[in-house]
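Here are my notes for you, since you're new to this one. Have the sequence and the 3D view open as you read.

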Amino acid sequence: QVHLVESGGGLVQAGGSLRLSCGASGDTICMRTMGWYRQAPGKERELVATVSSAGNIYYADSVKGRFTISRDNARSRVTLQMNSLKPEDTAVYYCNADPGSGLVCRGSWGQGTQVTVSS
């Protein structure tokens, strides 16, 4: 199992920046890939970015060039730097830990942190 604690988020004007951080504890196998998802009101949860323990990174097209995901394996921490924020980035952002290989870990979702971008 894994325990995820998110920090960051808040209210920012369009064009501004925010930084989200997620600290993980528990079974390291559960942290093979870590990432961020978001869910806007009335919409399904969507993938934002992921980073594997080997450093492989994926970004959703909607955030490419604006968001940067990074990972500190020694501290079991993943960070999402969000620049040039747009109102459509407004959502609750969730940290996720994925062990891969069809495995499931308890606690693989953080509690969520609100990001609000005003126009």
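The points below go through the strands, the disulfides and a couple of individual residues.

1. First, a caveat: what you're looking at is a predicted model. Please read everything below with that in mind.

2. Start with the open sheet. It has 6 strands in the order S2-S10-S9-S4-S5-S6, and the pairing is mixed. Strands S2 (10–13) and S6 (57–59) sit at the edges with a single partner strand each, so one side of each has no neighbour in the sheet. On average, neighbouring strands here are turned by 20° against each other, if you ignore direction.

3. Inside that sheet, have a look at S4 (residues 33–39) and S5 (residues 46–52). These two run antiparallel and are joined by 6 bridges. A handy place to find the pairing on screen is Thr-33, which stands opposite Ser-52 in S5.

4. Next, the hairpin of S7 and S8. Strand S7 covers residues 67–72 and strand S8 covers residues 77–82; they run antiparallel, with 6 bridges between them. Arg-71 is opposite Val-78 in S8. The hairpin has 4 residues between its strands, and Ser-76 takes a positive phi there, near 50°.

5. Now pick out Ser-21, in strand S3 (residues 18–26). Is Ser-21 buried or exposed? Its relative accessibility is 13%, and the cut-off for buried is under 20%, so Ser-21 counts as buried. Its side chain makes a polar contact of 2.6 Å with the side chain of Arg-77. Beyond four places in sequence, the residues in contact with Ser-21 are Val-5, Glu-6, Ser-7, Trp-36, Arg-77, Val-78 and Thr-79. Two of those names should ring a bell: Arg-77 belongs to the range of S8, and Val-78 is the residue opposite Arg-71.

6. How many disulfides are there? The count is 2. One of them joins Cys-22 to Cys-95, with an S to S distance of 2.1 Å. The link is left-handed, at -85° about the S-S bond. It ties together distant parts of the chain, 73 residues apart: Cys-22 is in strand S3, while Cys-95 is in strand S9 (residues 91–98). Both cysteines, Cys-22 and Cys-95, are buried.

7. The other disulfide is formed by Cys-30 and Cys-105, whose sulfur atoms are 2.1 Å apart. The torsion about the S-S bond of this pair is about -90°, so this disulfide is left-handed. Again distant parts of the chain are linked, this time 75 residues apart: Cys-30 is in the loop between S3 and S4, and Cys-105 is in the loop between S9 and strand S10 (113–118). Cys-30 and Cys-105 are buried as well. If you number the bonded cysteines of the chain in sequence order, the pairing reads 1-3, 2-4.

8. Last stop: Lys-86, in the loop between S8 and S9. Why does Lys-86 count as partly exposed? Because its relative accessibility is 34%, which falls between the limits of 20% and 50%. Leaving out residues up to four places away in sequence, Lys-86 touches Arg-66 and Val-117. To get your bearings, compare its position with Cys-30 from the previous point: the two are 56 residues apart along the chain, and their C-alpha atoms are separated by 32 Å.

Methods
Residues are numbered from 1 along each chain as its sequence is written. This is a predicted model: local features need pLDDT of at least 70, side-chain atom pairs count only at pLDDT 80 or more; totals for chains, interfaces and linings use all residues. Side-chain values use heavy atoms; hydrogens and water are left out. Two strands pair if DSSP finds at least two bridges between them. Axes are lines fitted to C-alpha atoms, for helices over the stretch in contact, and angles run from 0 to 180 degrees between N-to-C directions. Buried means under 20% relative accessible area, exposed over 50%, partly exposed in between (1.4 Å probe, protein chains only). A polar contact is a pair of N or O atoms within 3.5 Å; within protein, one must be able to donate a hydrogen and the other to accept it, and residues adjacent in sequence count only if both atoms are side-chain atoms. Contact means heavy atoms within 4.5 Å. A disulfide is a pair of cysteine sulfur atoms within 2.5 Å.
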